[in-house]
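Work through the exercises below with the model open. Try each task before reading its solution.

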2 protein chains.
Amino acid sequence: MTSFIKCFIENPPKADWSKILARPNPGGADIAATVADILTEVKNRGDRAVIEYNTRFDGYSKDNFEVSAQEMKEAITLLPDNLKEAIIQASKNITLFHENQLVDQQPVETMPGVLCWRKSVPIEKVGLYIPGGTAPLFSSVLMLGIPANIAGCKEIILCSPPQKDGNIHPAILFAAHITGITRIFKVGGAQAIAAMAFGTDTVPAVYKITGPGNRYVTEAKQMITKYGIAIDMPAGPSEVLVFADEGANPSFVAADLLSQAEHGEDSQVVLICPHRAFFDLVEIEIEKQLKVLPRREIAIKALENSVAIAMNDSSLAMDLINDYAPEHLIMALRNPTDFVKDIRNAGSVFLGDFTPEAAGDYASGTNHTLPTNGFAKAFSGVSVDSFIKKITFQQVSPTGLELLGPVVATMAAAEQLEAHRQAILIRLENNGR
Amino acid sequence: MTSFIKCFIENPPKADWSKILARPNPGGADIAATVADILTEVKNRGDRAVIEYNTRFDGYSKDNFEVSAQEMKEAITLLPDNLKEAIIQASKNITLFHENQLVDQQPVETMPGVLCWRKSVPIEKVGLYIPGGTAPLFSSVLMLGIPANIAGCKEIILCSPPQKDGNIHPAILFAAHITGITRIFKVGGAQAIAAMAFGTDTVPAVYKITGPGNRYVTEAKQMITKYGIAIDMPAGPSEVLVFADEGANPSFVAADLLSQAEHGEDSQVVLICPHRAFFDLVEIEIEKQLKVLPRREIAIKALENSVAIAMNDSSLAMDLINDYAPEHLIMALRNPTDFVKDIRNAGSVFLGDFTPEAAGDYASGTNHTLPTNGFAKAFSGVSVDSFIKKITFQQVSPTGLELLGPVVATMAAAEQLEAHRQAILIRLENNGR
């Protein structure tokens, strides 16, 4: 029997893990030079360059590429009611989850008279990027726009490439509308990132850019960090790891693997299961379920990049999972909460049989913009934190300085920074002025 | 009268602000190629390359470049008691301030049966970089090591270039010792960043690298982000902005400006003051205080990069401050807390006459690793947040999925992701299995 998941391995030794779990490398020509050119053009020629790229890449040649109030209005009337209702419900859940992420630290008196605190302040100007392509990713509008709005960002702009008909999909516009996004521009790719980084006559410059994108967008985001523009995180192809035990439902597992695989040919799915017999049941389910999928060819290609591993030691399985650091981790276990304490590296975790990744992709409330490619070892997904800075404050009283001053003066002297020491001494001498 | 601060301007129009407040550009040859070479050499040849760079750049040619337990012990005995006590007191304050930064989000039930939460998990392996140079920056060891330790990072390593005598300064070793840093390596510059990013036989690879450094270190940190290694933030020369009102003490203001200026020739200080007469008093104080400074030549050069601005509208002054986004902001005002609400962009803020920057540089409790170069518009300083990831979790009950499922299915259909929809439907069909 030929399997869809090409590689099945039983209890691989630790030394082999990194080879077995290597992410697919998209390869292809080096795109750095192309992207650097686009950045330079947009930086130097602004809107003119944007319009030329719009014409060349998206067949959109109009001088005015901002979405008008009229277009926005039409989009809202165009969208079917059931979809509007679903988007509003998802938006409510996402808002509920994200709104208590904003926590200010209470002031701490580190020594008598030495008061220190931290204040969350919104990043004033942020840019969201929403890719075009085969499907309108309006869910990403919610996932970026809602936390930006809760953070209190003053200017939230959005760039997305125009469709063939010259419009942005109404679902994207509707999601933007209910999320408080102020301005929307029809521009995609590296040129969109450049426009938001450097600003043009039409597109305002922002301080941080978030959102998914293809390799050109990712390269552009990485490059503009050199100019001090912040980005959410480096991005790679999407991935899921499903950890299933004996009691898991093979048809649920197959459905979860396929829902990741349909994202793109470079998606990766990993299955950890108890034994060969379980894997075989999953394969049978994959074959059955593939039949109804419009994106079956994409899913089949993605499965070829993928791997199933049978492991009979669950603690070792957890080590492997933490080594891989999956973007999405589905714990299809009888006692999933027992394992929460052992999860060290993952983007978002789905516990139990009735928590498919799709729930978090759209509407459970958690964010779906997550670290891929093993970056979950050091990065978090997008949250309200992504749209704020935390400024520290301190206020020392004259008495406080009498306690703190000598500590500072001693340390400054040892670091040979005499002016630092003097800034303390001159105050201690004029304490009661 | 020639002034030390070369540029004095009264009430400049908004259009001129960005020109007046332009950061000094260090210029110099392009170092990207040199740094890329060093990264490649260390990646390919590991310890051999590190030892060669150690020999070439720091005159240290020993094969073993890890600090031994014996060296650590000696350092502790070498250090004068008053310095040890000061470091311990600073460490207590920094710990007090940082330890309540670790907040877990309470679970949120976004819909009945849909439970979502966020868990802070330490980044397992982190690397700290401490520059060498004219003075031993042991305070930075505290500022990076303490939050990493509070976060719960398992492996905290430190790289710092050896001094001429082949040792790392005992104050750095002592600060590392009390901070729980497990391993220390004598290696500096881009080669240290490369060793921590890629790992060598001696230096373990880490997931995140934090800490200050010169242009080579900064370039190397930026480059290794391409490999998914996280960094704290892009770094530039240090800077302070002092906002003084009529009642401020010119000698305190001068001392604060000088304590920033002595950091390096490329430091920048900005003074906002009520009028020319105040500026003149500050200049007189600068002249007087410069006399006792060993690093006076450096300070004089830095002042040449600097600017004083008289502004008679304090609300406009706040706009200018937010435009500049200073790393350090000293509010030498009679009513500094009234202005806290207007501060949108700054790294760390020092309120009132008795809160010099030096307090926060060493021991008030706040962190001194802060965004420079205007990056405070989008970046925060180092905190416990810098050493954790936040993993999201969700658990949906069968009943929860009955409520949430239709929302997800509708959205998935609209995004043309049928497998996502199927992952919901197959569960709703097998809900009571």
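**Exercise 1. A residue at a chain contact**

Find which residues A:T410 touches, leaving out residues up to four places away in sequence.

*Solution.* This is a predicted model. Start with the location: A:T410 lies in helix α15 of chain A, residues 398-414. Next, list the contacts. A:T410 touches B:N82, B:L83 and B:A86. Then check exposure. A:T410 has a relative accessible area of 22%, so it counts as partly exposed. Last, look along chain A. A:R421 is 11 residues from A:T410 in sequence, and their C-alpha atoms are 7.7 Å apart.

**Exercise 2. The helix across the contact**

Compare the expected span of helix α5 of chain B with the distance between its end C-alpha atoms.

*Solution.* Helix α5 of chain B covers residues 81-99, which is 19 residues. At 1.5 Å a residue, the expected span is 27 Å. The end C-alpha atoms are 26 Å apart, so the two values agree. Now find the buried residues of this helix. They include B:L83 and B:A86. Both of these are touched by A:T410. Among the other buried residues of α5(B) are B:I87, B:I94 and B:F97.

**Exercise 3. How the two chains are related**

Work out which rotation and shift superpose chain B on chain A.

*Solution.* The rotation is 180°, with 0.0 Å of shift along its axis. The RMSD of the superposition is 0.0 Å. This is therefore the relation of a two-fold axis. Which C-alpha of chain B is nearest the axis? That of B:V103, at 4.2 Å from the axis. Now compare the contact surfaces. In chain A, 100% of the contact residues of chain B recur, and the same surface serves both copies.

**Exercise 4. A strand with partners in both chains**

Identify the strands that β13 of chain A pairs with in chain A and in chain B.

*Solution.* Take chain A to begin. Strand β12 (residues 328-332) runs parallel to β13(A), and four bridges join them. Within this pair, A:I330 stands opposite A:F350. Move to chain B. Strand β14 of chain B, residues 388-396, also pairs with β13(A) in the parallel sense, over four bridges. Here A:S348 stands opposite B:T392.

Finish with the side chains. In a regular strand they alternate between the two faces of the sheet. In β13(A), residues 348-351, A:S348 and A:F350 point one way. A:V349 and A:L351 point the other way. All four residues are buried.

**Exercise 5. An open sheet**

Give the strand order of the open five-stranded sheet in chain A and find its edges.

*Solution.* The order is β6-β5-β4-β7-β8, with parallel pairing. The edge strands are β6 (183-186) and β8 (230-231). Each has a single partner strand, so one side of each is left without a neighbour in the sheet. Look at one end in detail. Strand β7, residues 208-210, pairs with β8(A) over two bridges. A:K208 stands opposite A:A230 there.

**Exercise 6. Two cysteines**

Explain why B:C153 and B:C159 form no disulfide.

*Solution.* A disulfide needs two cysteine sulfur atoms within 2.5 Å. The closest cysteine sulfur to that of B:C153 is in B:C159, 16 Å away, so the gap is too far for a bond. B:C159 is in no disulfide. The count over all chains is zero. Both residues are buried: B:C153 has a relative accessible area of 7%, and B:C159 has 0%.

**Exercise 7. Positive phi in loops**

Locate A:N373 and A:Q416 and state how exposed they are.

*Solution.* A:N373 lies in the loop between α14 and β14 of chain A. Its phi is near 60°, a positive value in a residue other than glycine. At 32% relative accessibility, A:N373 is partly exposed. A:Q416 lies in the loop between α15 and α16 of chain A. Phi of A:Q416 is also near 60°. With a relative accessible area of 45%, A:Q416 is partly exposed.

**Exercise 8. Chain A as a whole**

State the domains of chain A and how far apart the centres of domain 1 and domain 3 lie.

*Solution.* The domain assignment gives domain 1 (28-232), domain 2 (237-380) and domain 3 (397-429). The C-alpha centres of domains 1 and 3 lie 46 Å apart. Their contact takes four residues from each. Chain A holds 16 helices and 14 strands. Of its 433 residues, 62% are buried.

How values were computed
Residues are numbered from 1 along each chain as its sequence is written. Chains are lettered from A and ligands numbered from 1 in the order in which they are written. This is a predicted model: local features need pLDDT of at least 70, side-chain atom pairs count only at pLDDT 80 or more; totals for chains, interfaces and linings use all residues. Side-chain values use heavy atoms; hydrogens and water are left out. Two strands pair if DSSP finds at least two bridges between them. Buried means under 20% relative accessible area, exposed over 50%, partly exposed in between (1.4 Å probe, protein chains only). The expected span of a helix is 1.5 Å times one less than its number of residues. Copies are superposed by least squares on the C-alpha atoms of residues with pLDDT of at least 70 in both. Contact means heavy atoms within 4.5 Å. Domain bounds come from an automatic or database domain assignment.
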